[in-house]
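Q: Could you walk me through this structure? I am new to this, so please take it slowly.

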Amino acid sequence: MSGASHRISGAGRFSQAKTARFSFDGQSYAGIEGDTLASALLANGVHLVGRSFKYHRPRGILSAGAEEPNALVEIRRDAARKTPNVRATVQELYDGLEAQSQNRWPSLSFDVGAVNDIASPMFSAGFYYKTFMWPKAAWKSLYEPKIRAAAGLGVSPDQPDPDHYSSRYAHCDVLVLGGGAAGIAAALAAAETGVRVILADEQAEFGGSLRFESGAKIDGQDGFAWAQAAVAKLTAMDNVRVLPRTTAFGYYAQNFVGLVERVSDHLKAPGHDLARERLWQVRAKRVVLASGAIERHMVFADNDRPGIMLAGAARTYLNHYGVAVGRNVGVYTANDSAYAAAIDLKKAGVNVAAIVDLRDNPTGPVIDEARALGIEVNFGRAVIRAGGKLRVSSMTVQPKNGGGERTIPVDAILMSAGWTPSVHLFSQSRGKVAFNDETKRFVPGTYAQDCVSVGACNGTDGLSATVDEAYAAGAKAARDAGAKTAKGTKPKVDASESWSRGMLGAAPGAGPDTTVKAFVDFQNDVTAKDIRQAVHEGMRSIEHVKRFTTNGMATDQGKTSNMHGLAIAAEMLGKPIPEVGLTTFRAPYTPVTFGAIVSHARGPLFDPTRKTAIHPWAEAQGAVFEDVGQWKRAWYFPKAGEDMHAAVDRECVAVRKTAGLFDASTLGKIEVVGPDAAKFMELLYTNPWEKLEPGRCRYGIMLREDGFIYDDGVVGRLAPDRFHVTTTTGGAPRVMNHMEDYLQTEFPHLNVWLTSITEQWAVIAVQGPKSRDIIAPLVEGIDMSDEALPHMSVREGKICGVPTRLFRMSFTGERGFEVNVPADYGQAVWEALWAEGQKHGAAAYGTEAMHVLRAEKGYIIVGQDTDGTVTPNDAGLDWAVGKKKTDFVGIRGMARPDLVAKGRKQLVGLKTKDPKVVLEEGAQIVEDPKQAIPMKMIGHVTSSYWSENCGRSIALALVAGGRDRIGETLYVPMPNGVIEVEVTGMVFFDETGGRLNG
Amino acid sequence: MLLIRCPYCEEERPELEFRNAGEAHIARSANMAGESDDDFEKFFFIRSNPKGIIYERWRHMHGCARFFNAVRDTVTDRFVMTYKAGEPKPSKLPGVGK
Ligand SMILES: [Zn+2]
């Protein structure tokens, strides 16, 4: 038990608890285990905990729960574990906790930024929109960084998050969200039937408002004690999972609910085996919403002074934590519930200076009891202003219709404008709220999902009615989810409190005729005046008012402010509240860490990494890798002292001089098999296939129905009913999907099977004049002569004793082969070929050299030289379209007027006038570089390289009417000057193609 | 996350096993090459994009890999029914009043 100044002996539920030391802004304090950071600060008389977002006004603790807009602090565990914007009202205290205030400089009590408060007319609603619109360029470089620095809400951690997070999927019959009296009663009713139940509550302890409702008695016990016993019973049941410290933040389609469990943020030294947070993704047959209600503050001048808080919160601090929030408190209310706070505090020995009640002549037992205790009660009066700066020091009271003022010294003001049902999750479930005109509140109206709201979130008043409703709803949810029997008994409410009604909007003294700062939204510093100004400037819908003022747009999502803001706007517009409408509630209900959402999916687990069978060899050789989709591909193989340029030049020259080995395993491969395989190929590719002899290959082009190139690759016919199709590396999955789609839905009459074989075969390209000499010694059962195995043919046989599909084909323009072997043998066969290659001076080459070599020959890469708007004709590939065919995917799209029009962009070659200049890929091309800006751009560079084999730079480009421009000079304007280029054909090396058999 | 019943697996499975594949019941012409520009435009570009009941294709990508058809309400995202590819557009929908 600590000797903190405001801890009341005998009060609260932690009188036996151990002391927990903590620090706030470097100052050391004592709290007790069971405290929140907020209750521990209040126990030490500390109200001032932060500065506000825009005006840097001193702020205290408003609430005792998740709705807290003010008391946001940074919690530090070590250099990497610095969590900003932690609500002090939610953070549980542990021994050694270190907290810092935010948004102040140089100190909390003296903050330079508070000058914004004096200059506040500048910062009124819509200020950012109006002031920083011009000049546009200044936004990014000048205004935004300054504003962000000045108006921060905490500081982001600057090191990687060292904690780990976990993630669970769960299914249940009945999911109960909220563990107050309603949620517990519903969970009991459902659990007693034997169905699977999950009960979750955001607090460390179950009980909800029973934490402070000292007048509640259930089954003969104090309400809170009953809650603990009931939850203990539920926890012991096999069919029930009880989740404290777990917030349901999102309600998605078909009763799919996202919850985040705070696993170890409350522990002094969480072991590393413990996750920090756990994400629960629960699919429930039925959901019971028991999310309670949130108290609203009173909107009056300077209602944000530290020491001014919600009455229910003050009561929680007293009855649950044993902390008096002041020694001489004032109460300002428009409903009954604040009286109970005054009564409890008075009984605990705190002086209650006065109760100021806006209502004219309210009657009831709490009012009588307050009077009987000797508390001064004033009706029909308003608090028109609060005194004090770093802590409230007085409240000034005036009859609500005007008259003489009276200032009463206080050190805290407890306020209550009434309670707002928490319909956030209901609204997220796409249910429609309805406005109850009598009680002036939005309650669940039309349901969109299999859920039910019970208790305060349903607008049900009184503990007895709440428990009845919740117990019946829990039992019904269980029955609807399939329960057969029920054998429980409903909890009996022996005594309860009742408080309803209240007021919405600004109180007297903060009306339209005033210029006072009466805060509606504390976190975003929005006043009643700002809301009125938004309406005055033409905002009509509440969604516009919200965006113009930012009311309700902070991380607290306006839990305390939305209804006040709406009422003020409605009053200004002269419309009833439901006509102005409520803003939509969106997930998350409270902020969720990225860690909880990402869970294990970070670092190497963020995305799968695909590696070829030959990857370890390339790694051992010192290859530099590049990412191609999920694949790691060897980019180039630098020798000692070589940069990329030198390595690529050497690799390119070696291929054309002797030979090169290239790992082509990532190429997509699909086997098309069946009696109708050729018919299917005819429909999916532009080329003719029926007459392709088994053992021969063809370069195929695949279009989409719109006539544009979708993919390409070499296809080998292994047998009349079997094709080995290759695709681009990145295109493999979508090509497979495209083929399956047509086979299953458009051409289901064709008897064909499709199998992805990308991972089954490792592919080793051996290219160059010596390629046959390298391969031949290792091959069995295949005649390697040009007569038996001409260019564009395929044979099955053995290499190094393992099966191979040996393709004679070339993506370099040299004599070339692609050796397919089962992936398990990929590296062994590569090493055998490498050993042979060494006898001939062969080099390993990577993807960069592959790109250069193919460009020297004008072979396109789909996705680089094409962009989804290029037809076969545009790419100079008309020869690959079967002229006699009557159907294939894309045949009609290709004939659309625009696609056959003159002047389309066509692929051509470009040679710079200065052969040393290498163009930039993506650079724009113009006819006349002297024309005015913006120039008419007639095309762009798609591929560009230094070609050591050609001794100059080479490029491919898409140019309007390109083939008719061959020989013309065009221009590429760049920041450092205009580059002159000549339009050429696409083949830069060995135009006759003789080297294919060289 | 939606729950979708695969008519081939005859099981309700989570959405992440599936891929949407656009509007259903748009038949490819048997005489594709002979289609007029207008007919091709209707076939390839024009989609109904209704507020309410939509007939669409889905693929049970990470399950049986079959394409099938579904009836979904675009307002609530609720699946009214699913049926196999090639089956006719249902004339009556369960639980949808007019
Ligand atoms: Zn399936």
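A: Let us begin with a definition: a residue is called buried when its relative accessible area is under 20%, exposed when that area is over 50%, and partly exposed in between. Please also keep in mind that this is a predicted model.

Q: Okay, so is E369(A) buried, exposed or partly exposed?
A: E369(A) has a relative accessible area of 32%, and because this value falls between the two cut-offs, E369(A) is partly exposed.

Q: And what does E369(A) form a salt bridge with?
A: E369(A) forms a salt bridge with K347(A), and the closest N and O atoms of the two are 3.0 Å apart. The pair links distant parts of the chain, since E369(A) sits in helix α9 of chain A and K347(A) in helix α8 of chain A, 22 residues apart. K347(A) has a relative accessible area of 56%, so K347(A) is exposed.

Q: Why can side chains pair like that at all?
A: Side chains of opposite charge can pair when their charged atoms come close.

Q: How many salt bridges are there over all chains?
A: The structure holds 64 salt bridges over all chains. One of them is between D336(A) and R359(A), whose closest N and O atoms are 2.8 Å apart. D336(A) lies in the loop between β18 and α8 of chain A, while R359(A) lies in the loop between β19 and α9 of chain A, so this pair ties together parts that are 23 residues apart in sequence.

Q: Are D336(A) and R359(A) buried or exposed?
A: D336(A) has 18% relative accessibility, so D336(A) counts as buried, whereas R359(A), at 23%, counts as partly exposed.

Q: Which salt bridge has both residues in helix α22 of chain A?
A: E836(A) forms a salt bridge with K839(A), with the closest N and O atoms 2.9 Å apart. Both residues lie in helix α22 of chain A, which covers residues 826–840, and they are three residues apart, about one turn of the helix. An α-helix has 3.6 residues a turn, so residues three or four places apart point the same way. E836(A) counts as buried at 13% relative accessibility, while K839(A) counts as exposed at 61%. Elsewhere, salt bridges that share partners join R57(A), R59(A), D302(A), D304(A) and D525(A) into one network.

Q: New topic: how many disulfides are there over all chains?
A: The count comes to zero disulfides over all chains. C457(A), for example, is in no disulfide, and the nearest cysteine sulfur, that of C451(A), is 9.7 Å away. A disulfide would need the two sulfur atoms to be within 2.5 Å. C457(A) counts as buried at 1% relative accessibility, and C697(A) counts as buried too, at 7%.

Q: What about helix α19 of chain A, is it mostly covered or mostly open?
A: Helix α19 of chain A, residues 677–684, is mostly covered, as seven of its eight residues are buried. Among the buried ones are F680(A), M681(A), E682(A) and L683(A). The buried residues of α19(A) pack against several elements of chain A, including strands β35, β36 and β37 and helix α20.

Q: And which residues make the nonpolar surface patch of about 320 Å²?
A: That patch is made by F594(A), I597(A) and V598(A). F594(A) is found in helix α16 of chain A, residues 594–598, and with 69% relative accessibility it counts as exposed.

Q: What does UniProt list for residues 173–448 of chain A?
A: An unreviewed UniProt entry lists those residues as "domain: FAD/NAD(P)-binding". Over residues 173–448 the chain is 21% helix and 38% strand, and the end C-alpha atoms are 18 Å apart. For residues 905–990 of chain A, the unreviewed entry gives "domain: Aminomethyltransferase C-terminal", and over that stretch the chain is 0% helix and 49% strand.

Q: Last one: how many helices and strands does chain B come to?
A: Chain B comes to one helix and six strands, and from the N terminus on its elements run β-β-β-α-β-β-β. Its C-alpha trace spans about 40 × 35 × 20 Å along its principal axes, and buried residues make up 36% of its 98 residues.

Technical notes:
Residues are numbered from 1 along each chain as its sequence is written. Chains are lettered from A and ligands numbered from 1 in the order in which they are written. This is a predicted model: local features need pLDDT of at least 70, side-chain atom pairs count only at pLDDT 80 or more; totals for chains, interfaces and linings use all residues. Side-chain values use heavy atoms; hydrogens and water are left out. Buried means under 20% relative accessible area, exposed over 50%, partly exposed in between (1.4 Å probe, protein chains only). Patches are made of residues with over 30% relative accessible area and no salt bridge: like charges are joined within 9 Å, nonpolar side chains (Val, Leu, Ile, Met, Phe, Trp, Tyr) within 5 Å. Accessible areas come from the Shrake-Rupley method with a 1.4 Å probe; for residues, only the protein chains shown count as cover. A salt bridge is a side-chain nitrogen of Lys or Arg within 4 Å of a carboxyl oxygen of Asp or Glu. Helices (H or I, at least four residues) and strands (E, at least two) are DSSP runs, numbered from the N terminus. UniProt positions are given in the numbering used here, feature names are shortened, and annotations may be inferred rather than shown by experiment. Contact means heavy atoms within 4.5 Å.
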